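Welcome, and thanks for taking a look at this one with us. Please open the sequence and the structure side by side, and then walk through the notes below.

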Amino acid sequence: MSKAQEVRHLFENLTKNMSHWTEMRYHNKHSRVFGVRKAVPSEMSSKRYEGVGIRVLYNGTFGFASTSDLTEMGIKEALLKAEQMAMALDHRKKHKVHLPSTNRLAAGDFIMSEYDQLEHKSGKEKFDFVQESEERLRKHSANVDGALCQYSEVFEEKVILTTDGANSLIKLVRPELRFMAFGSNGARRTVGYDSVGGTGGWDCLFLNRSSEQFIERAVEGAVNLLGAKPGDGGRKKVILSPSMVGLLSHEAIGHTVEADFVNSGSVAAGKIGEMVASSLVTLCDSGQSEHTSGAGGTLPVDDEGILTERTVIIENGKLVSYLHNRESAAQYNVAPTGNARAWEFSDEPLIRMRNTYIEPQSDDLDEMVRGIEDGYFIDGPEGGQADATGEFMFGANRVRKINKGKLGDFVQNLTVSGNAFEVLKSVDAVSKDFKWDLGSGHCGKGQPAKVDAGGPYLRCELLVGGSQK
Amino acid sequence: MTYSEQSIKNLISEADQIISEVQKKSPADVDVFSVRTKEVRIVYENKDYSVSTNHTSTQHGIRCIRQGQMGFVTTNASTSEGLKQAAEEVNVISELTPSNEFQCIAKPPSTIGHFESIDIKMAQLSPQELAKYADELIQTATSDKRVSIDRAEINWSLSEWSLASSNSFVQSAASSTCSWFVMGMGKTDTEVTSFDYDGGTVKFESEIIPLLNKTVGYFRDSVVSAIGARSGKSYRGPVILHPQAVMDLIGDFISSNCHGLRQQDGMSSWKDMMGELVAHKDLLVLEDPLNVNRIEGWSPFDREGVPSSLHKLIDCGRLNFVAHNCFTAQRAGVDPTGNASGGSRSLPGIGFSNLSVSAQPQASLGVPEEKLFSMISDGLMVKRFSGNSDPTSGQFSGIAKNSHWISGGQIAYPVHEVMISGNMFDLIREILAIASSTHHIYGGGVAPYILVDGVSVTAGS
């Protein structure tokens, strides 16, 4: 019997006569990272983090405790601590939590077949790929004087059991690849990136681009920037690539519709039913990999044992749903959307996104570019942040000027900003293409979470940071 | 006997078992960085307490170097079987790795021992007592009804950590702390402001209330002052950097360029510039890891067991220090500087603890804060920088968050949708004034207000 099955059996026995709602989660997370930087192994590591997180609802108040002691005694001790923690807050809790029954509870085994396939691919094969890729990056151009390639994989095995009926075993695997090229022309140094992260086996890494294309894009990014001039700042009409659309959907819209953030007063509060975007915009968050396979945030069951679904957030411009865990779904009198996620066994589940995207429409990308007199084609996200107001900031490192409907030169890395809902209202064209393309990105909200995002190309208006005279 | 002596002995015993298991295969250099943490946390969100948590964990980060081949494994196992499995895994991983002549662990240092910063009252704080401090936090933050808390947390922890080495030495330390943070926004019937945050960490139980009231009060006043934000104006010229923005921009930039690996990799143009003028001559930047009164960054020894010490990174505007861990020191042919960073979950990197930015003593640019504000007649004061800053090229571009417009030397109104950009190499030379007083920043830094020139400010409509 595997450790997960042993623990599941223990959970079943311990929760038989429980007087209050209890959630028990076993989580074994095993990751490996192989990295080579400038011909030197930069990381060769394996991390194993295994334990149990227990959440109890005592008199309408949550308490949580975790342990890496997987014996019956260890789990019982953690259960007792969780109860004590709930009691410590009981008389301070103003709004008692009630979890209504739901037909979304997951029961059964959800095992990804690629788990074993990737586990059985040898470490040597994976490392050799990394080492060879780093060498190819370095030797691809005379203007590249260094490179980095890093492969990581995370194997996750979970058992989630609740006293009201969830009882599932989940096995998932998520590989990632990162490519960086360091450009130099003597006077200037630049960095070009590309990356991919997916849910699935080795092959899911190459659904959008081949290894050669990753290398070419990273090298091109570094080399093009060597001669790039600063862009001019101001409000501009732009084309956003699928990766930028994904970042916008996740950071600038997605966070404002997480129900916990809504309750704290985000700009999306009270706007259900209102037009918040152009009618061309339908924005969703899904536990499945919609349109194409392999999206990095895919999960069949969330960490409260709820089956995940495709949640439509904005439908043809109208805000129709927030993202929920069981507690907030009860508060809003809707079904839970399967958005409760915990990073490790020692973390309590929070409302998090999964795969967030804008649905493609029918426009042709070339036509969209032709419709811009003076603007930018913006790709290559470099991270970003958004605010409760919907105001966002993203960096971009693959930006080209658009002059009179034609793509022009690359410009230096720049930052774009705006109010997300205002930007979505300015959308006047949405392409027919679709890509999951958040790369190796993770979301941070107290805990990390592996998420993905993507969509078509969008034409819209936003504020571009640049030099002033 | 110190407070944590027995517990530390157990931790080191597990590390010794790992070293012994790794070396059963064949001799190897092995170091094990172990951390044991007991933690209680109370979370407040959505205008109510949401959950309280209790967590105990032990983790070992195991590095094995055998004939230049290096592998690293992290485990949270404590059973003999689990530790043995981790030891076997690190041997397997190291075999995959090509040999590198610079891979090494630390030699026995001149100072070894056990270091503690434990206040008995703090170490024995109960969840019920912590909950009372959480009440104080919430009351202070919401004493102005326009404050909306997105999330607040208060956290008690007792941490013990050790570095055990096959080079026959052990370092260990322990601390008990209480830390908190609050994040939220100002809210009226018609407006939601940008969010802001603040927080603190203390080592004495008696310090909790004074610092909590001070830091949470800063947060409350900051988000309320952001109500009524308007557009700024576009220009290129002087801006005032708030101490937080000084740390975001200048602190990060200088740390990155005093980083041994970045210099060796050609990612910093300050390579071979030791002693040269790289910033305004009145600028002083230092790290102070032994300052136990700045407990967030207190670090008596580094991630590889090398003793820490105070370093002036920039002294009178001149590059004065390059930080090394064992790998980069070996490559440079120098001694490691005690700057190996990270924990049990990662290989040693390079980092700085308790960074301070200030005016050089008796600096001509050092002025009182009011005087510094009066030096700008119409322009921007940046509180937080949210954006991208490339330490290699020096280019930075991002949003000025929670920022204000200055008019006639006074804070006039809050602004939104203002972007700033420029070049950090120029910015640290074009300093016009440095406030003589400094402020403690959440996260561990200390910095003053600084007036800099040459920044592009782009305002939205």
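Both faces of strand E3(A) are covered in this predicted model. On one side sit A:Thr61, A:Gly63, A:Ala65 and A:Thr67, on the other A:Phe62, A:Phe64 and A:Ser66, and all of them are buried. The bullets below start with the partners of this strand and then move on to other parts of the two chains.

**Strand E3(A) and its partners**

- Strand E3 of chain A covers residues 61-67, and 7 of its 7 residues are buried, so the strand is largely enclosed by the rest of the structure.
- Within chain A, E3(A) pairs with strand E2 (residues 40-58) in the antiparallel sense, over 7 bridges.
- One position to look up in this pairing is A:Gly53, whose bridge partner in E3(A) is A:Ser66.
- The hairpin of E2(A) and E3(A) has 2 residues between the strands, and A:Asn59 takes a positive phi near 50° there.
- E3(A) is also joined to chain B: 5 bridges link it to strand E2 (residues 48-66) of that chain, and the two run parallel.
- Across this link between the chains, A:Phe62 stands opposite B:Val51 in E2(B).

**Strand E24(A) and its partners**

- How much of strand E24 (residues 458-464) of chain A is buried? The count is 6 of the 7 residues, so this strand is largely enclosed by the rest of the structure.
- Strand E8 (residues 234-240) of chain A is joined to E24(A) by 7 bridges, and the two run antiparallel.
- In that pairing, A:Lys237 stands opposite A:Glu461 of E24(A).
- Strand E18 (residues 414-419) of chain A pairs with E24(A) over 2 bridges, in the antiparallel sense, and A:Val416 has A:Val464 of E24(A) as its bridge partner.
- Strand E19 (residues 429-430) of chain A likewise pairs with E24(A) in the antiparallel sense over 2 bridges, with A:Ala429 opposite A:Arg459.

**A:Ser417, a buried residue in E18(A)**

- A:Ser417 lies in strand E18 of chain A and counts as buried, at 0% relative accessibility.
- Leaving aside neighbours within four places in sequence, A:Ser417 is in contact with A:Glu391, A:Phe392, A:Leu462 and A:Leu463, and with B:Ile399 and B:Met419 from chain B.
- A:Ser417 and A:Glu391 are 26 residues apart in sequence, while their C-alpha atoms are 7.1 Å apart in space.

**The six-stranded sheet of chain A**

- In what order do the strands of the open sheet of 6 strands in chain A run? The order is E11-E10-E9-E14-E23-E20, with mixed pairing.
- Strand E11 (318-319) and strand E20 (435-436) stand at the edges of this sheet with a single partner strand each, so one side of each has no neighbour in the sheet.
- At the E11(A) edge, 2 bridges join strand E10 (residues 310-315) to E11(A), and the two strands run antiparallel; here A:Glu315 has A:Lys318 as its bridge partner.
- Helix H6 (residues 242-254) of chain A packs on the sheet and touches strand E9 (283-286), E10, strand E14 (355-358), E20 and strand E23 (452-455).
- The direction of H6(A) makes about 125° with that of E23(A).

**A helix pair in chain B**

- Helix H4 (residues 127-141) and helix H5 (residues 208-225) of chain B pack at an angle of about 30°, with their axes 9 Å apart.
- The two helices are therefore roughly parallel to each other, and H4(B) passes H5(B) in a right-handed crossing.
- From H4(B), the contact is made by B:Tyr133, B:Glu136, B:Leu137, B:Thr140 and B:Ala141.
- From H5(B), the contact is made by B:Ile208, B:Ile209, B:Leu212, B:Asn213, B:Val216, B:Gly217, B:Phe219 and B:Arg220.
- By class, this contact has 8 nonpolar, 3 polar and 2 charged residues.

**Positive phi in two loops of chain B**

- B:Ser168 is not a glycine, yet it has a positive phi of about 60°. B:Ser168 is found in the loop between strand E5 (147-165) and strand E6 (169-186) of chain B, and it is exposed, with a relative accessible area of 68%.
- B:Gln362 is not a glycine either, and it has a positive phi of about 60°. B:Gln362 is found in the loop between strand E15 (355-359) and strand E16 (366-367) of chain B, and at 80% relative accessibility it counts as exposed.

Notes. Residues numbered from 1 in each chain as written. Chains lettered and ligands numbered in written order. Predicted model: local features only at pLDDT ≥ 70, side-chain atom pairs only at ≥ 80, totals over all residues. Heavy atoms only, no water. Axes fitted to C-alpha atoms, helices over the stretch in contact; angles between N-to-C directions. Helix = DSSP H or I, 4+ residues; strand = E, 2+ residues; numbered from the N terminus. Parallel < 35°, antiparallel > 145°, perpendicular 65-115°, else oblique. Left-handed = near helix turned anticlockwise from the far one by under 90°. Contact = heavy atoms within 4.5 Å. Nonpolar A, V, L, I, M, F, W, Y, C, P; charged D, E, K, R; others polar. Buried < 20%, exposed > 50% of the residue type's maximum accessible area, 1.4 Å probe, protein only. Pairing = 2+ DSSP bridges.
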